[in-house]
Structures are given as structure tokens and as C-alpha cells.
Amino acid sequence: MSTPAEDLVVTHDEAAHRWEGRLDGQVVALADYVPQGLHGDPHRQAIAMVHTEVDPAHENQGLASKVVDAALRDARARGWKVVPACSFVRLHVRRHADEYADVL
């Protein structure tokens, strides 16, 4: 039997500036960001990850970590730098410093 974190499907909603985690089609976790230019260069993108949220019915299941991991990997793939403005994201990247140092 799988866990909710294993079943979570994370997608990027670029128009809403967030990554969404869905279980059975319902958004149960999200990570919001604010786009920023990097040193005024419009071709180099940075984002400030400003908010994470998990539906109270799904707390303590690892869903926020899974959404943030997916967001950081996606940011890396897009060549974006990440400013961890959200306290959860700051803690997460601190705990996984070796894995995400290149996107900070």
C-alpha cells in the first residue's frame, strides 16, 4: 500500500506562480513563488519561494517536503536560482544543503 507522499502528483502552475501537489485530483499542498530578475538580467531568472501550505487533513505526511523537492528540482532544470523566503523552504534547503546548494 502506498503512502500519500508516494501518491502525490506535483505540477507547476506557471500562471499562478506555484507548484501544486494533488491527491486524487485535489490540491492538498502547494508552494508559491514570486518571479524576480537576477541582477537585472531578464534572461536569468530567480524566484523567491514565499509560501508553502498543506491541507490540515494531510499534515505530517511529508507532502510539503515532496512539493518543495519537486519545485527545487524544476527550478534547477529551468536554470532558475531560488531565494528561500519561506521558513519551511529555508529549513528544507538547510537540511538538504548538499543537494540544493547549486540552486540557491
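This passage describes the confidence, strand pairing, salt bridges and backbone angles of a predicted model.

Residues are numbered from 1 along each chain as its sequence is written, and side-chain values use heavy atoms, with hydrogens and water left out. Because the model is predicted, local features need a pLDDT of at least 70 and side-chain atom pairs count only at pLDDT 80 or more, while totals for chains, interfaces and linings use all residues.

Confidence comes first. The mean pLDDT of the protein is 93, and 92% of the residues score at least 70; pLDDT is the predictor's confidence in each residue, on a scale from 0 to 100. Among the elements, strand 2 has the highest mean pLDDT, at 98, and strand 4 the lowest, at 86. Helices (H or I, at least four residues) and strands (E, at least two) are DSSP runs, numbered from the N terminus. As a general caution, predicted coordinates should not be read in detail where pLDDT is low.

A good place to begin the tour is the pairing of strand 1 with strand 2. These strands run antiparallel and are joined by five bridges, where two strands pair if DSSP finds at least two bridges between them. Within this pairing, His12 has Trp19 as its bridge partner in strand 2, and Thr11 stands opposite Glu20. Strands 1 and 2 form a hairpin with four residues between them. One residue in the loop between the two strands is His17, whose phi is near 55°, a positive value in a residue other than glycine. Most residues other than glycine have a negative phi. His17 counts as partly exposed, at 31% relative accessibility; buried means under 20% relative accessible area, exposed over 50%, and partly exposed in between (1.4 Å probe, protein chains only).

Strand 2 also brings together several charged side chains. Arg18 and Glu20 meet in a salt bridge of 2.8 Å, N to O, a salt bridge being a side-chain nitrogen of Lys or Arg within 4 Å of a carboxyl oxygen of Asp or Glu. Glu20 is buried, with a relative accessible area of 6%, whereas Arg18 is partly exposed at 22%. The side chain of Glu20 is also joined to that of Arg22 by a polar contact of 2.8 Å. A polar contact is a pair of N or O atoms within 3.5 Å; within protein, one must be able to donate a hydrogen and the other to accept it, and residues adjacent in sequence count only if both atoms are side-chain atoms. Arg22 lies in strand 2 and is partly exposed, with a relative accessible area of 29%. Leaving aside neighbours within four places in sequence, Arg22 is in contact (heavy atoms within 4.5 Å) with Asp7, Leu8, Val9, Thr11 and Val27. Pro4, 18 residues from Arg22 in sequence, is 9.7 Å away in space, C-alpha to C-alpha.

The structure holds five salt bridges. One of them links Glu14 and Arg78, at 3.7 Å from N to O. Glu14 lies in the loop between strand 1 (9-13) and strand 2 (18-23) and Arg78 in helix 2, so the pair ties together parts that are 64 residues apart in sequence. Both ends of this link are partly exposed, Glu14 with a relative accessible area of 44% and Arg78 with one of 36%. Arg78 meets Asp74 in a further salt bridge, at 3.0 Å from N to O. Asp74 and Arg78 both lie in helix 2, four residues apart, about one turn of the helix. Through shared partners, the salt bridges join Glu14, Asp74 and Arg78 into one network.

Helix 2 itself covers residues 63-78, and its 16 residues should span 22 Å at 1.5 Å a residue; the end C-alpha atoms are 23 Å apart, which agrees. The expected span is 1.5 Å times one less than the number of residues in the helix. The buried residues of helix 2 include Leu63, Val67, Val68, Leu72 and Asp74. Thus Asp74, which is buried, shares a salt bridge with the partly exposed Arg78. After the helix comes Gly79, with a positive phi near 80°. On the other side of helix 2, the loop from strand 4 (41-54) contains Asn60. Phi of Asn60 is near 60°, again positive in a residue other than glycine, and Asn60 counts as exposed at 80% relative accessibility.
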